[in-house]
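Please look over the model below before reading on. My notes follow as numbered points.

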Amino acid sequence: MKKLVSTLNMKKEEWLRYRKKGIGGSDAGAVCGLNPYRSAIEVYFDKTTDEVEEIDNEAMRQGREFEDYVARRFMEATGKKVRRANAMFYDEQYPFMLADVDRMVVGENAGLECKTASPFMADKWKGEEIPLSYQIQCYHYMSVCNADAWYIAVLIYGKEFKFYKLERDEQVIQDLIRIEKDFWENYIQKGQ
């Protein structure tokens, strides 16, 4: 894991420009065809155009606003300490793989992804289930950060708080690298 750039006090437009330099964790699920909100073609157009499109909506804003709260709840529930990374990282072997993580877990080789969800989406988180797109995001971060595990915590508005731990799975990570490498080299870089 190498630091590409510090994100501390970075303006949003500059941050969006850095995201165009590779595939980030939130892109990974779309590239794999597992994101119900974004397609691989949308990722393609985002990475191959010069224009910076600032996509935002109320759900995204609430997710950002509640990120600190979700991180605090995770610390309360687990007794673990987390800290902001304030950086965008890249994988030295696969420099197109980027990671702008929510938090790193202090004293562990692990990170934390903070999520919020509408009560109408609670069924996607029932039992031990984690939406596939979010699982892929965590495996992407494990790959870029060479982490042993990644936690994901979710606040389901007005209903409950849950957290999960995903252990490193080399087969999943190698499959993900293969898919992302193919997408980056054969589509993004070739403009096809």
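**Notes on the predicted model**

1. Burial. This is a predicted model. Of the 192 residues in the protein chain, 43% count as buried.

2. Fold content and compactness. The protein chain holds seven helices and eight strands. Its radius of gyration is 16 Å, close to the 16 Å that the globule rule gives for 192 residues, so the chain is as compact as a globular protein of that length. Along the principal axes, the C-alpha atoms fill a box of roughly 45 × 35 × 35 Å.

3. Contacts along the chain. Take the contacts in the protein chain with a separation of 6 or more. Residues 24 or more positions apart account for 70% of them.

4. Surface and charge. About 10,500 Å² of the protein chain is exposed. Carbon and sulfur atoms supply 48% of that area. The protein chain carries 29 positive and 33 negative charges. The mean positions of the two sets lie 3 Å apart.

5. Cysteines. How many disulfides does the model contain? The count is zero. A disulfide here needs two cysteine sulfur atoms within 2.5 Å. For Cys32, the closest cysteine sulfur is in Cys138, 13 Å away, and that is too far for a bond. Cys138 is in no disulfide either. The nearest cysteine sulfur to Cys138 belongs to Cys114, at 10 Å.

6. Cysteine exposure. Are Cys32 and Cys138 buried or exposed? Cys32 is partly exposed, because its relative accessible area is 23% and the cut-off for buried is under 20%. Cys138 has a relative accessible area of 0%, so it is buried.

7. Val105, location. Where does Val105 sit? It belongs to strand S5, which covers residues 103-105. Its relative accessibility is 4%, so Val105 counts as buried.

8. Val105, surroundings. Which residues does Val105 touch, leaving aside neighbours within four places in sequence? The contacts are Lys80, Lys81, Val82, Ala110, Gly111, Leu112 and Tyr151. Met121 is 16 residues from Val105 in sequence. In space, the C-alpha atoms of Val105 and Met121 are 27 Å apart.

9. Points to keep in view. For a check of the cysteines, begin with Cys138: it is buried and in no disulfide. For a check of strand S5, begin with Val105, which is in that strand and is in contact with residues including Lys80 and Tyr151.

Terms used:
Residues numbered from 1 in each chain as written. Predicted model: local features only at pLDDT ≥ 70, side-chain atom pairs only at ≥ 80, totals over all residues. Heavy atoms only, no water. Helix = DSSP H or I, 4+ residues; strand = E, 2+ residues; numbered from the N terminus. Rg over C-alpha atoms; globule rule 2.2 N^0.38 Å. Buried < 20%, exposed > 50% of the residue type's maximum accessible area, 1.4 Å probe, protein only. Contact = heavy atoms within 4.5 Å. Areas by Shrake-Rupley, 256 points an atom, 1.4 Å probe, with all protein chains shown as cover. Lys, Arg positive; Asp, Glu negative; His and termini not counted. Charge placed at Lys NZ, Arg CZ, Asp CG, Glu CD.
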